[in-house]
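Q: I am new to this structure and would like a close look at a single part of it. Could you pick one helix, walk me through it, and show me how it sits among its neighbours?

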Amino acid sequence: MTSLTPHFLREDLGYSRTVSYTCKNSWTLIFQRWGSLNPKLLPYCFVNTLLCVVLILLLELIGLDLTISEFGHEFMSVLVSFLVISKLSYTISLYYELQGHLSDMNQAAIDMTQLACTFTGQNNGEKYREWRYEVTLHVTTMLMATAAVVSKGGQNDVWDKIKFLESRRDHDILLNLPNDFGRISCSRERVDYPKEMYVMGSNLKSDLNLRLPIRVAQYLRNTVMTHQSLPQPLHPMQEMQLMDRVKDFMNSYRGIRKYLVAPLPLPWVQLGRIFVIAYVFTLPFALLSPDLNLAGVEVILTTFLITYGFLGCEFLFVELDDPFAEDPNDLPLAEECRAAVEDILLSLYFVDGKDAAVKLESQIPTFGSYNNDGDTVVDDQMREHQPFLRLKKVVQTMKSMEKTTTEADPLL
């Protein structure tokens with residue numbers, strides 16, 4: 001079973017959902033291990049330093065001179081610096097761009113739920129409650145499906161993890177869309193879909209996963225438009241606001257998908273890696289050149305620091321290259337989506353009560369650890385920390401807040 005990610009087990013150290021640290025104490029910052037690259041980086045520094053010591057001993061004890069000219073490294077350092085810095089600069093800017101897309105995506109989902117509940121919250125009829133439930137269900141499903149697609153990629157079939165989509169596909173190359181969606185009882189009229197909807201092109205597992213948020217967004221738009229069958233339909237401006245939130249969500253997904261389908265070009269990454277390795281591990285041979293006339297201690301110290309600097313930049317690139325993985329410094333996808341879904345559940349709870357929120361929570365797809373067969377595994381420890389499985393605690397908190405508010409203000 002895949003181990004739990006640190007995001008689920010982090011301590012409450014403030015608002016940070018990734019690695020928490022303080023810049024006030026330099027020693028604490030320098031020697032912090034959690035989230036640091038030092039455990040991965042220092043072994044390479046020690047190996048290169050040991051190589052430098054061996055070369056010095058060979059030169060001084062038996063007179064074996066393996067040094068090379070330093071002029072080649074002088075020219076090579078310019079090329080290596082360009083490759084490392086340009087690649088790292090692009091990766092850092094992409095990291096913050098994806099962070100913005102993640103934030104906008106979660107905010108669009110929360111805003112849409114709150115607007116739907118606000119526009120119809122004064123009406124408690126069965127049709128209104130059903131409409132709010134279906135809109136909220138599709139919003140949370142779209143958010144969860146997108147999070148699963150982004151984090152799992154083509155590793156698993158995300159379609160099979162969503163309950164009310166189980167009957168919508170019966171083959172890898174087609175989407176089966178029967179009239180009976182099979183998720184909840186619904187009195188509204190169904191749209192007649194064709195029995196089979198063939199999709200052009202190759203249909204790898206990753207292709208189908210990338211298509212899932214788009215399909216759910218279409219179902220969500222169709223669900224929003226069913227407000228026309230309500231006793232008091234939404235105003236056109238209200239309908240436009242809801243549609244705009246779906247558009248905002250999909251724009252954020254498209255921004256993330258752009259990164260998923262077109263990462264950094266391989267030749268750029270490949271050249272950078274080759275030149276960094278070649279430059280760093282031939283550095284001791286150049287620093288021992290008689291033309292530099294450096295003492296042994298100077299050579300050892302310089303080798304260690306330059307290795308730490310160049311390989312540190314390369315390791316930082318590796319750390320940030322996949323910001324939706326499970327490394328400590330990766331974007332808190334699970335935590336942010338968990339917070340967004342809890343906000344969505346609370347919005348529905350305020351309008352339609354606990355039963356509606358609990359019913360919605362039971363329909364939200366969960367994506368836990370995967371075993372060797374690709375099946376989802378949720379153990380007791382993960383169930384405690386897994387996003388979207390903590391509604392009972394949230395509801396209890398809200399009930400205590402309501403009780404406190406009522407005692408404080410007798411008019412409520």
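A: Here is a walk along helix α10, with a look at its surroundings afterwards. Please keep in mind that the model is predicted.

Let's begin with the whole chain. The protein chain has 412 residues, and 43% of them count as buried. Its fold contains 14 helices and 4 strands. Among contacts with a separation of 6 or more, 74% are between residues 24 or more positions apart. The chain exposes about 21,900 Å², with carbon and sulfur atoms supplying 58% of that area.

Now to helix α10 itself, which covers residues 296-321. Its 26 residues should span 38 Å at 1.5 Å a residue, and the end C-alpha atoms are 37 Å apart, which agrees. An unreviewed UniProt entry lists residues 299-318 as a transmembrane region, along with 41-63, 75-96 and 259-287. In the model, residues 299-318 are 100% helix and 0% strand, and the C-alpha atoms at the two ends of that stretch lie 28 Å apart. Residues 41-63, another of the listed regions, are 91% helix and 0% strand, with 32 Å between the end C-alpha atoms.

Which residues of α10 are buried? They are V299, T303, T307, F310, L311, G312, E314, F315, F317, E319 and L320. These buried residues pack against four other helices: α3, α4 (71-120), α8 (266-281) and α9 (283-287).

T303 is a good place to zoom in. This threonine sits in α10 and counts as buried because its relative accessibility is 0%, where the cut-off for buried is under 20%. Leaving aside residues up to four places away in sequence, T303 touches N48, T49, C52, L283, P284 and L287. The pairing of T303 with L50 shows how folding brings the chain together: 253 residues separate them in sequence, yet their C-alpha atoms are 9.8 Å apart in space.

Further along α10 we come to E319, whose side chain meets that of K40 in a salt bridge (3.5 Å, N to O). K40 lies in helix α3 and E319 in helix α10, so this pair ties together parts that are 279 residues apart in sequence. The two partners differ in how covered they are: K40 is partly exposed, with a relative accessible area of 42%, whereas E319 is buried, at 6%.

Helix α3 (residues 38-61) also contains L57. With 43% relative accessibility, L57 counts as partly exposed. On the surface, L57 joins L61, I62, L64 and L66 in a nonpolar patch, and together they have about 490 Å² of accessible area.

The K40 and E319 pair belongs to a wider set, as the structure holds 8 salt bridges. For others in this set, we can turn to helix α11 (residues 333-352). This helix has 20 residues and reaches 28 Å from its first C-alpha to its last, close to the 28 Å expected at 1.5 Å a residue. Helix α11 is mostly covered, with 15 of its 20 residues buried. Just after α11, G353 takes a positive phi of about 90°.

D352, which is buried with a relative accessible area of 6%, has two salt-bridge partners to look at. One of them is R129, with the closest N and O atoms 3.7 Å apart. This pair links distant parts of the chain, since D352 is in α11 and R129 is in helix α5 (residues 126-152), 223 residues apart. R129 counts as partly exposed, at 29% relative accessibility.

Another partner of D352 is R132, and here the closest N and O atoms are 2.7 Å apart. That pair also links distant parts of the chain, with R132 in α5 and D352 in α11, 220 residues apart. R132 is buried, with a relative accessible area of 0%. Elsewhere, salt bridges that share partners join K87, R273 and E314 into one network. That brings us back to α10, where E314 is one of the buried residues.

Key: Residues numbered from 1 in each chain as written. Predicted model: local features only at pLDDT ≥ 70, side-chain atom pairs only at ≥ 80, totals over all residues. Heavy atoms only, no water. UniProt positions renumbered as here; feature names shortened; annotations may be inferred. Buried < 20%, exposed > 50% of the residue type's maximum accessible area, 1.4 Å probe, protein only. Contact = heavy atoms within 4.5 Å. Expected span 1.5 Å × (residues − 1). Areas by Shrake-Rupley, 256 points an atom, 1.4 Å probe, with all protein chains shown as cover. Patch = residues over 30% accessible without salt bridge, like charges linked within 9 Å, V, L, I, M, F, W, Y side chains within 5 Å. Salt bridge = Lys/Arg side-chain N within 4 Å of Asp/Glu carboxyl O.
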